[in-house]
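Reader: I should like to discuss the internal spaces, the nonpolar cores and the salt bridges of this model. Please show the structure before we begin.

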Amino acid sequence: MYEQMSLFDQKPASQPLASRLRPETLDEYVGQEHLVGKGKILRTLIEHDQITSMIFWGPPGVGKTTLARIIAHATKADFVEFSAVSSGIKEVRDVMNKAEGNRLTGRRTLLFIDEIHRFNKAQQDAFLPYVEKGSITLIGATTENPSFEINAALLSRCRVFILKALTEDNITDLLARAMKSPKGYGGRDIRIQPDQLRAIAVFSNGDARTALNTLEMAVTNSTLASDGSITVTDEILSECMNRRSLLYDKKGDGHYDTISALHKSMRNSDPDAAVYWMERMLESGEDPLYIARRVVRFASEDVGLADPRALQVAVSAFQACQFIGMPECNVCLGEAVVYCALAPKSNALEAGCDAAKADIRESPAEPVPLQIRNAPTSLMKEAGYGDGYIYAHDTALKIARMQCLPDSLKGRHYYEPGEQGHEKFLKQRLDGIRRFQAGETDNPWGDTNTDPWEEEKR
């Protein structure tokens, strides 16, 4: 579904406050100073009428649609707003044919597509030839990472501008303007305190639309006094802000950014930040089992054998989340998160697995050495299977000098323990084993059979 609009349409009072206050010039626009401030790149392009196809990437309510309309106004182009949610290939072709007709008569068409990431590949491909020959100037708006959601061919023909969440000061200024503007509540006796406007700004989480809608809701639900005034009380405002809407899409950037924040906070041994990001995900509706699975992975990837109990704690937390569910399981999950954050760290297991994987993919797939092949039949024994095998339990030291890797990888080391926690003991033990295998010592164990880290914990 699409509509062609006049930028000079009047905004009736019946429209929502956010629509009535939509800026029409860059001077009225709030936020994105890094793009549209004096002398900044996007403002310069607009002022010199050098607009090319572009993608606006940013969270909801930061002015993507508004900025597109301002550009259309400044460039005197026909502005067509297209819905990626409800439009199909037929609507796309209809708009493109009309834009092509405009091009032949010297008229420019600026096509704005909100939520362009919702278009499938075929729909996005339909725009490509028209963008290439200049029939349309495409402006797409998305809350998702364009690198993953927009076809590479189309993305390569667009400039990507990143719009940031509005600051509390930006939102507070916008709300103050709403109280004074004739298009807002200017001329009406609306009594609201500066600290209440600031509270709305904090609640909005950088989303101008949420802020204006909350203000409108608070005014609408407040009592009209006999003198015509309206006073917004803290009680009414609190009811309108009973739950903050956190920016978190379980399939989008918010999801991946937040789980990344949790993982990196645990890796950096910061339990406070780790608990915060965990609770933020849960408050946003994330499945606790998803978080638990990531903590299980973390226990091996970032803690590993520096503290083998981290994996036990993480798996137990996963099981606890299955048993009792939300909201009670948050503490069980928090126990694993804090344990992993405070545990000694080692990525030796992950590094070793990655190195082995790389060798497997890049080296010839050599056969298993004969000495460690199984020989259940006489034919296999005659073929040499098992020749040279030494049963470690039959030796005094419970270890044999025997090659277990293929010939081309002889001497290759994958697991390199660090100095943290239990791995300090494992490092000493492994060094002895490797020296024994190389013939440098006859006693691989030395005095490393007692784990000093375990002794210290006792």
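Reader: How do the residues lining the second largest cavity divide into nonpolar, polar and charged?

Author: In this predicted model, the second largest cavity is lined by Ile51, Thr75, Ala77, Arg108, Thr109, Leu110 and Thr137. Ile, Ala and Leu count as nonpolar, Arg as charged and Thr as polar. The lining therefore divides into three nonpolar, three polar and one charged.

Reader: What volume does the second largest pocket have, and which residues lie nearest its centre?

Author: The second largest pocket holds about 580 Å³ of space. Its lining divides into nine nonpolar, four polar and four charged residues. Of the 17 lining residues, those nearest the centre are Met402, Gln403, Cys404, Leu405 and Gln437.

Reader: Which helix gives the most to the largest nonpolar core?

Author: The largest nonpolar core has 29 residues, and those with the most contacts inside it are Leu175, Ile200, Leu212 and Leu215. At least two residues of this core come from each of α1 (17-20), α9 (168-180), α10 (194-204), α11 (208-220) and α12 (234-240). With six residues, the element that gives the most is α11.

Reader: Which residues does Leu215 touch, not counting residues up to four places away in sequence?

Author: Leu215 is among the residues with the most contacts inside the largest nonpolar core. With residues up to four places away in sequence set aside, Leu215 touches Leu17, Leu175, Ala178, Met179, Tyr185, Ile192, Leu197 and Ile200.

Reader: Where do Arg157 and Glu132, the partners of a salt bridge, lie in the chain, and how many residues apart are they?

Author: The closest N and O atoms of Arg157 and Glu132 are 2.8 Å apart. Arg157 counts as partly exposed because its relative accessibility is 37%, and Glu132 counts as partly exposed at 48%. Arg157 lies in the loop between α8 (152-155) and β6 (159-162) and Glu132 in helix α6 (residues 121-132), so the pair links distant parts of the chain, 25 residues apart.

Reader: Is Glu301, which forms a salt bridge with Arg267, buried or exposed?

Author: The closest N and O atoms of Arg267 and Glu301 are 3.4 Å apart. Arg267, at 37% relative accessibility, counts as partly exposed. Buried means under 20% relative accessible area; because the value for Glu301 is 11%, Glu301 is buried.

Reader: Which residues are linked with Arg267 and Glu301 in a network of salt bridges?

Author: Side chains of opposite charge can pair when their charged atoms come close. By the rule used here, the model has 19 salt bridges. In the network, Arg267 and Glu301 are linked with Arg297, Asp302 and Glu350.

Technical notes: Residues numbered from 1 in each chain as written. Predicted model: local features only at pLDDT ≥ 70, side-chain atom pairs only at ≥ 80, totals over all residues. Heavy atoms only, no water. 1 Å grid on protein atoms, 1.4 Å probe; cavity = no way out; pocket = protein on both sides within 12 Å on 5 of 7 lines; lining within 4 Å. Points joined across faces, edges and corners; volume = space filled by probe spheres on them. Core = buried A, V, L, I, M, F, W, Y, C linked by side-chain atoms within 4.5 Å. Buried < 20%, exposed > 50% of the residue type's maximum accessible area, 1.4 Å probe, protein only. Helix = DSSP H or I, 4+ residues; strand = E, 2+ residues; numbered from the N terminus. Contact = heavy atoms within 4.5 Å. Salt bridge = Lys/Arg side-chain N within 4 Å of Asp/Glu carboxyl O.
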